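Me: I would like a close look at how the helices pack in this model. Please keep to the geometry and the residues involved.

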Amino acid sequence: DRHYQVRGLERNMSSLTLRVCLQATRQDLIYLDTLDLVKARSRNALIQAIAVELFVEESTVKKDIGILLLQLEDLRNRQIEAVKNQTPSIPELTTEDREHALQWLRSPNLSEQIVNDLDQCGMVGEAFNKLAAYLAVVSRKLAQPLAILIQSSSSAGKTTLMDSVLAMVPPEDQLRLSNLTGQSLYYLDSQAIRHKTLAISEEQGIAEASYALKLLQSEGRLSHATVAKGSDGRMAMQAYHVEGPVQLFLTSTSLEMDEELVNRCLVLSVDETREQTLAIQAQQRLLQTRQSVAFLRQCKDIRHLHQNAQRLLRPLQVYNPF
């Protein structure tokens with residue numbers, strides 16, 4: 001006559017924790033608590049509380065929690081394994097999409113076409129910056145990708161430039177972050193950012209992780225050792241490895257960033273002239289008109305084409321004889 005309901009199990013992505021919200025009921029009696037079942041002290045307190053609230057012997061509740069703990073650990077471990085084995089969904093290209101993308105890639109004036117397509121998607125002006133940023137994100141497929149940093153004053157358009165270029169990149173080839181701690185990159189899956197674009201907005205998201213970003217750019221990988229409890233209950237060293245190379249795409253309003261990180265980047269400054277501001281405002285007005293429906297549909301088709309084209313790209317060794 002005892003029932004146990006568990007919520008929040010999906011949030012446990014480490015074998016060292018099992019924090020859940022547990023509800024125990026018996027007839028019209030109920031007890032609710034949030035705790036980490038891995039901790040013996042928390043389990044003992046839970047057993048005593050349930051026994052008192054539901055008028056059940058402690059030994060009976062202890063057996064219940066033991067069965068429940070084994071079940072939850074098994075479910076959690078399956079959940080962690082499923083996430084580890086999960087691969088990003090890469091859409092299969094149809095024959096029509098492939099041919100259309102190849103035809104675009106073979107354009108004799110491809111660089112001009114890239115700039116024109118970004119224009120048609122609403123990114124006005126900034127021809128040099130658009131092409132430089134686009135080529136940089138494509139370099140993610142190479143052994144030594146090009147890192148890029150866009151610096152400007154607030155609300156000058158650097159994030160719009162980043163968004164416009166990243167919209168052309170397949171979703172499975174980019175990781176976009178607004179903030180990260182100094183150690184967070186070390187705990188990514190080993191292949192999570194390999195040959196991908198790692199985009200970080202604003203210096204607050206860059207400052208703490210600047211050392212890890214520098215290592216990714218110069219060495220192409222991250223290694224980190226820490227101490228954690230092993231399967232036998234003893235403390236042991238655990239090593240984490242994140243494989244690169246990775247293409248960095250950063251934006252910042254600060255002129256006092258880590259000099260060693262800036263030295264590893266191609267630094268771009270956005271156009272803040274009056275003419276560019278007027279062009280941006282004209283584009284914003286267009287989006288409020290009836291024409292915006294056709295405009296947005298056109299943008300979607302162009303971005304779809306660019307994403308398919310980038311999915312077809314492969315690295316090729318090029319030698320310069322001069």
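At what angle do the axes of helix 1 (residues 40-54) and helix 2 (residues 58-85) cross, and within what distance do they come?

Reply: The model is predicted. In it, the axes of helix 1 and helix 2 cross at roughly 130° and come within 9 Å. Helix 1 is therefore oblique to helix 2, and the crossing of the two is right-handed.

On the helix 1 side, the residues in contact are R43, L46, I47, Q48, I50 and A51. They meet E58, V61, K62, I65 and L69 of helix 2. By class, this contact holds 7 nonpolar, 1 polar and 3 charged residues.

A second helix pair can be set beside it. Helix 3 (residues 95-105) packs on helix 11 (residues 292-312) with axes 9 Å apart and an angle of about 85°. That angle falls in the range of 65 to 115 degrees, so helix 3 counts as roughly perpendicular to helix 11. Helix 3 contributes D97, R98, H100, A101, L102, W104 and L105 to the contact, while helix 11 supplies H304, L305, H306, N308, A309 and L312. Here the classes are 7 nonpolar, 4 polar and 2 charged.

Helix 6 (residues 158-166) adds a view of burial. Its residues K158, L161, M162, S164, V165 and L166 are buried. The buried residues of helix 6 pack against two helices, helix 4 (110-120) and helix 5 (127-138). They also pack against strand 4 (147-151), strand 5 (174-177), strand 6 (197-200) and strand 9 (247-252).

Methods:
Residues are numbered from 1 along each chain as its sequence is written. This is a predicted model: local features need pLDDT of at least 70, side-chain atom pairs count only at pLDDT 80 or more; totals for chains, interfaces and linings use all residues. Side-chain values use heavy atoms; hydrogens and water are left out. Axes are lines fitted to C-alpha atoms, for helices over the stretch in contact, and angles run from 0 to 180 degrees between N-to-C directions. Helices (H or I, at least four residues) and strands (E, at least two) are DSSP runs, numbered from the N terminus. Angles under 35 degrees count as roughly parallel, over 145 as roughly antiparallel, 65 to 115 as roughly perpendicular and the rest as oblique. A crossing is left-handed if the near helix is turned anticlockwise from the far one by less than a right angle, and right-handed if clockwise. Contact means heavy atoms within 4.5 Å. Ala, Val, Leu, Ile, Met, Phe, Trp, Tyr, Cys and Pro count as nonpolar, Asp, Glu, Lys and Arg as charged, and the others, Gly among them, as polar. Buried means under 20% relative accessible area, exposed over 50%, partly exposed in between (1.4 Å probe, protein chains only).
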